[in-house]
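Please look over the sequence and the structure below. The report that follows takes a few features in turn.

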Amino acid sequence: MRSVAATTAMKAVILVGGLGTRLRPLTCNTPKPMIPLANRPFIEHMLLRLQEQGIEEVILAVRYLADQFRETLGDGSRLGLRVHVMEEAEPMGTAGAVKNVEHMLDGDTFIFNGDILTDLDLRAMLAFHQSKGSKTTIALTPVDDPTQFGLVEMNTENRVQRFLEKPRAEDVRTNLINAGTYIIHADMFRYVPPNQHYMFERGLFPVLLQTGDPMFGYPTRNYWTDIGRPHNYLEVNHDILIGRIQVPFPGREVRNRIWIDGETQIDDDVQLVGPLVIGAGVHIARGANIIGPTVIGARCHIGPNVTIEDAVLWEENRLEEGVSLRRCVLGRGNTVKSGTVITDGAIVSDHCQIGAENRLERGIRLWPESVIQDQSISF
Ligand code: GDD
Ligand code: MG
């Protein structure tokens with residue numbers, strides 16, 4: 001006899017309306033969920049994970065750049081699920097955004113913050129939700145500093161006792177925080193006022209503690225990162241490349257831990273040390289040293305004797321002879337002239353022109369279309 005396993009063939013809503021302010025300047029031209037991790041937009045990683053776990057229909061609650069989402073994702077069939085992009089006229093807040101699509105929901109629904117990379121087991125979470133007779137289940141994860149997150153206190157049966165968004169240090173009594181994945185029964189949205197800005201974190205969850213509708217916490221020790229924090233961005237790419245989290249990224253493993261997506265031109269006398277993910281149409285000229293964990297986006301041109309180590313480059317960057325990149329991020333379409341060094345957490349956004357013999361370091365951030373003359377920046 002088959003056991004009745006929890007089926008995740010339910011609807012999911014992903015909240016992708018935030019402005020991604022903390023990730024600027026990377027998010028100046030690219031909404032946070034579209035930021036690439038290992039050469040694939042983050043939202044695609046999320047959708048593929050949902051698809052793999054049995055979710056068939058996803059509503060994206062977006063606030064701006066809806067067309068960019070529609071263009072990239074279409075109806076979702078390329079990723080094996082149905083995707084609806086729903087745009088808010090005004091920011092509705094996390095719970096208000098779901099209220100806005102309430103007519104599309106029925107029964108238990110998965111709701112995701114759109115900036116979390118995790119390998120949480122959704123089927124196990126649903127089985128927990130059902131076994132508790134829960135109406136609202138919040139995935140929890142331990143963190144070192146809960147003051148940046150939503151703190152969740154539970155009793156011994158995992159029933160939520162207190163929810164404190166961005167608590168003060170003196171109010172922290174647990175290291176378990178809201179991990180940004182919920183299962184919420186559609187009935188709970190009767191408590192959310194229509195057509196106004198309303199948050200789960202400061203509105204619905206505190207209200208449910210008053211109404212007594214069953215609300216449970218589901219703690220796990222799965223991989224978990226909020227990609228919306230800048231110091232995490234390099235680290236998350238790194239984690240994917242070293243396999244700390246299993247995430248399918250584009251490319252075929254042509255050599256030990258070197259993945260290449262499509263046609264590339266790699267000249268003689270180039271040293272490649274994995275883990276490396278290299279996009280289609282990349283050219284790497286003679287004498288270059290590319291040391292992982294490093295991601296090189298499609299159609300980048302890496303000039304002669306360039307050194308790259310622990311860096312993430314998006315598409316169409318052009319590095320001239322002798323450029324050196326270490327622990328830094330380059331967005332799209334930048335040109336870096338010969339001999340320039342970019343290191344130490346520097347972030348260059350998109351379409352910048354960086355002259356020869358500069359030194360960019362110590363977390364410097366270049367806004368889109370910045371122009372830097374030859375030999376004008378050094379530390
Ligand atoms: N559609 C829509 N509309 N989405 C929104 C809106 C809105 O008005 N406001 C925020 N979002 C989306 C963001 O895009 C993001 O995916 C998610 O809601 C959470 O917003 P963040 O701005 O990233 O919040 P946070 O990281 O400070 O805190 C949240 O996540 C933590 C986990 O990372 C809270 O849920 C915390 O309680 C939680 O611990
Ligand atoms: Mg966040």
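## The pocket of ligand 1

The space that ligand 1 takes up is the largest pocket. The model is a predicted one. Four elements each give two or more residues to the shell around ligand 1. They are β1 (11-16), α3 (93-99), β11 (176-185) and β13 (224-226).

The ligand has 29 residues around it. Gly18, Glu88, Glu165, Asn178 and Glu201 are the closest. By type, the shell holds eleven nonpolar, eight polar and ten charged residues.

## Polar contacts and cover

Oxygen atoms of ligand 1 meet polar atoms of the protein at several residues, taken here one by one. At Asn178, a backbone N or O atom lies 2.7 Å from an oxygen atom of the ligand. Asn178 is also among the residues closest to ligand 1.

At Gly93, the partner is a polar backbone atom, 2.8 Å from an oxygen atom of ligand 1. Asp115 takes part through its side chain: an N or O atom there is 2.8 Å from a ligand oxygen. How much of the accessible area of ligand 1 does the protein cover? On its own, ligand 1 has 740 Å² of accessible area, and the protein covers 91% of that.

## A sheet of seven strands

Strands of a sheet pair through backbone hydrogen bonds, in either a parallel or an antiparallel way. Here, one open sheet has seven strands with parallel pairing. Its order is β16-β19-β22-β24-β26-β29-β32. Which strands form the edges? They are β16 (265-266) and β32 (371-372), and each pairs on one side only.

At one edge, β16 pairs with β19 (residues 283-284). The two strands run in the parallel sense, over two bridges. Gln265 stands opposite His283 of β19.

## A hairpin

β9 (residues 150-154) and β10 (residues 160-165) pair in the antiparallel sense. Five bridges link them. Within this pair, Glu153 stands opposite Arg162 of β10.

The two strands form a hairpin, with five residues between β9 and β10. Asn158 is in the turn. Its phi is positive, at about 70°. Strand β10 includes residue 165, and Glu165 is one of the residues closest to ligand 1.

## Details in the loops

Where do cis peptide bonds occur? One joins Arg24 and Pro25, with omega at about 10°. Pro25 is in the loop between β1 and β2 (36-37). The strand before that loop, β1, gives two or more residues to the shell around ligand 1.

Another cis bond runs from Gly292 to Pro293, and its omega is near 0°. Pro293 is in the loop between β20 (289-291) and β21 (294-296).

Arg257 is a residue other than glycine with a positive phi, near 60°. Arg257 is in the loop between β14 (252-255) and β15 (258-260).

Key:
Residues numbered from 1 in each chain as written. Chains lettered and ligands numbered in written order. Predicted model: local features only at pLDDT ≥ 70, side-chain atom pairs only at ≥ 80, totals over all residues. Heavy atoms only, no water. Near = heavy atom within 4 Å. Polar contact = N/O pair within 3.5 Å; in protein donor to acceptor, adjacent residues only side chain to side chain. Areas by Shrake-Rupley, 256 points an atom, 1.4 Å probe, with all protein chains shown as cover. 1 Å grid on protein atoms, 1.4 Å probe; cavity = no way out; pocket = protein on both sides within 12 Å on 5 of 7 lines; lining within 4 Å. Sits in = over half its atoms within 2 Å of the grid points. Nonpolar A, V, L, I, M, F, W, Y, C, P; charged D, E, K, R; others polar. Pairing = 2+ DSSP bridges.
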